[in-house]
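Dear colleague,

I am handing over the structure we spoke about, with the sequence alongside. Please read the notes below it with the model open, and tell me where you would read it otherwise.

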Amino acid sequence: MPNSKSKSKNNSGRRRFIRNTSLAAFSAALGAEIVFGKNMPKDYVPVAFKADDPYQLFNKNKELIVLNNKPWNLESRPHLLDDKITPEEKMFIRNNGLIPKEINVRNWELVVDGEAVKAKKIFSLADLKSKFNHYTYQLTLECGGNGRSEFYPPASGNQWKTGAVSCANWTGVRLKDVLEDVGVTDAAVYIGYHSADTHLSGDPNKEPISRGVPIFKALQEETLLAFAMNGKDIPLAHGYPLRLVAGGFPASASGKWLKRISVRDIVHDGAKMAAPSYSVPCKPVAPGEKVANEDMCIIESMPVKSLITYPKTGAMIGSGDSLEVRGHAWAGELEVSEMEVSIDFGETWQKCQLEKPVNRLAWQHFNVQLKFPKDGYYEVWAKATDSNGVGQPMVVPGWNPKGYLNNACHRIAVKVGGNG
Amino acid sequence: MGKELINALKRLLSWLLGISIFLVVFMVGLLIINQNPAMMISEEKEDKPEPLIHSDLVKDGIHVATGLVAKEGYETVIANCTNCHAADLVIQNRGDRAHWESLIKWMQATQGLWDLGKNEEIIVSYLSENYSAEQKGRRANLSGIEWYELKK
């Protein structure tokens, strides 16, 4: 297990300090009484005093933005995502619960059960790796709430900007091969995952998140039970030692620290499967409208989207200089068929060079050389169109209560000549 | 001559022996400390709480340790909200009184938040005044741009 041993040892001094410190001391330091502090669990440290450095803890680039530390939520920034294959250091973290403390790879088992299997079967990690063929795919994983911060009225929760997306190489065995080995009945409609992370309340009977995918998605060639990312063991924060990876769907469907897959004869009813979690209104609604849970539909394929990763916003160039702009585009279950940029707020659009995806569900790279007609302030707006002819909106798309699926065009600021 | 040479050799050998014993002890020590860094922290030091440096420092109207706006009621917010989640989660959210009240109700119903008593009014006022929702249009202007010279 990467680093966990030394980390826990290093923290022991701090923990002892915490144990010895009274609530009164906390209150004094805060300048306010911790009201009803007696309800706090013993040994509990107010989050304000936590000293863990997430960058060191998770091997992350210092420019990532920490949105929350309990659970850990870190987002990347557009210019950090310039690599064709996202490295660990620049990959966003979206956790719902607490990262499992004890991971014993030797005893790690994957249970496959549920109403729609012929018989329950248990695989050790070694069984999985030795019994089935290995496949590697580059897969786009985007948080369903990426871009939430732009909705009005605002949705509560982590206010993601543009950086909750990645496209790494994932290696593992195909879920369909494993399900075939187990034996699935005609009753199967959905699979649900169960994981080793723990609920924020510490209640072992509660799961922080237990989502899944429809059976058609589970049986796709690119849906993996992954044990490696970018050629190495999956980093702890990203699901070590085993995770489900279902690219093109909201990344919440790609369960980390995977312990169990249940093949269900109903739409999986685990934690955060029910509306309003990861659901949007089945029909369009006005901003701020109350929507009943039964009128919400589960998000499946993510919408078409693109990101300018070079240059970083705020670039100043000389009069008459040309500017290379590049980035990535993706379209959930579909492919991106066209990529355009505008430097005049959408009055005219210029075609970009667009590469084919290295495999289905991988993001595609685009680039274009831009010339500016005269000096001044410009914005470069990027717009992708998917293989069904659906493009990105320039404004924020239809409002929804939880602020999902904002795929509005990304844009950067550029100044030409005069340095402002 | 022969005796002096033997004495010199003996001195050299005892030096070498001394150095190797020192190195072995040193490396074993390093290994032990590496395995158990808590050993290096003296018990006496641990009995006294470490001073929480700058925990009440306010700079440019912002409480430095949490990032919250240092206006009336912020200590109450720290004391009640940051027990369970980072202040960051407050700071990045926006809403009116009804929004913040409904969040508190939701946390009480599902997340184990206690009855806030008379502090609820202080907290809701603080949040709705300092973290109210602003209508940004269908796309806000780009803001906070750090301009830099793009090297060719």
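What follows is a description of the two chains, then of the cores, the helix contacts and two exposed loop residues.

Please keep in mind that this is a predicted model, in which local features need pLDDT of at least 70 and side-chain atom pairs count only at pLDDT 80 or more, while totals for chains, interfaces and linings use all residues. Residues are numbered from 1 along each chain as its sequence is written, chains are lettered from A and ligands numbered from 1 in the order in which they are written, and side-chain values use heavy atoms, with hydrogens and water left out.

Chain A has 6 helices and 24 strands, where helices (H or I, at least four residues) and strands (E, at least two) are DSSP runs numbered from the N terminus. Of its 420 residues, 55% are buried, with buried meaning under 20% relative accessible area, exposed over 50% and partly exposed in between (1.4 Å probe, protein chains only). Among the contacts in chain A with a separation of 6 or more, 70% come from residues 24 or more positions apart, a contact being heavy atoms within 4.5 Å. Chain B contains 6 helices and 3 strands, which run α-α-β-β-α-α-α-α-β from the N terminus on. In chain B, 30% of the 152 residues count as buried, and 51% of the contacts between residues at least 6 apart in sequence join residues at least 24 apart.

The largest nonpolar core (a set of buried Ala, Val, Leu, Ile, Met, Phe, Trp, Tyr and Cys residues joined through side-chain atoms within 4.5 Å) has 50 residues, and those touching the most other members are Val112(A), Leu128(A), Val178(A), Ile191(A), Leu225(A), Leu242(A) and Val263(A). Elements of chain A that give two or more residues to this core include β4 (109–113), α4 (125–131), β10 (224–229) and β13 (258–264), while α5(A) gives the most, with 4 residues. Apart from this core lies another, of 25 residues, with Val325(A), Val336(A), Cys352(A) and Val416(A) among them. Leaving out residues up to four places away in sequence, Leu225(A) touches a set of residues that includes Leu110(A), Leu128(A), Val178(A), Leu242(A) and Ile261(A). Within α5(A), the buried residues are Leu175(A), Asp177(A), Val178(A), Leu179(A) and Val182(A), and just after this helix Gly183(A) takes a positive phi of about 95°.

Turning to chain B, 7 of the 8 residues of helix α3 (residues 74–81) are buried, so this helix is largely enclosed by the rest of the structure. α3(B) packs on α6(B) at an angle of about 110°, with the axes 9 Å apart, where axes are lines fitted to C-alpha atoms, for helices over the stretch in contact, and angles run from 0 to 180 degrees between N-to-C directions. That makes α3(B) roughly perpendicular to α6(B), given that angles under 35 degrees count as roughly parallel, over 145 as roughly antiparallel, 65 to 115 as roughly perpendicular and the rest as oblique. In this contact Tyr74(B), Thr76(B), Val77(B) and Asn80(B) of α3(B) meet Asn119(B), Ile122(B), Ile123(B) and Tyr126(B) of α6(B).

The axes of helix α5 (residues 97–110) and helix α6 (residues 119–130) of chain B come within 9 Å and cross at roughly 130°. That makes α5(B) oblique to α6(B). Among the residues in contact are Arg97(B), Trp100(B) and Ile104(B) of α5(B) and Glu120(B), Val124(B) and Leu127(B) of α6(B).

Two loop residues are also worth a look. Asp186(A) sits in the loop between α5 and β8 of chain A and counts as exposed at 84% relative accessibility; its C-alpha lies 8.8 Å from that of Asp265(A), 79 residues apart in sequence. Glu134(B), in the loop between α6 and β3 (148–149) of chain B, is exposed with a relative accessible area of 52%. Not counting residues up to four places away in sequence, Glu134(B) touches Tyr152(A) and Arg94(B).

With best wishes
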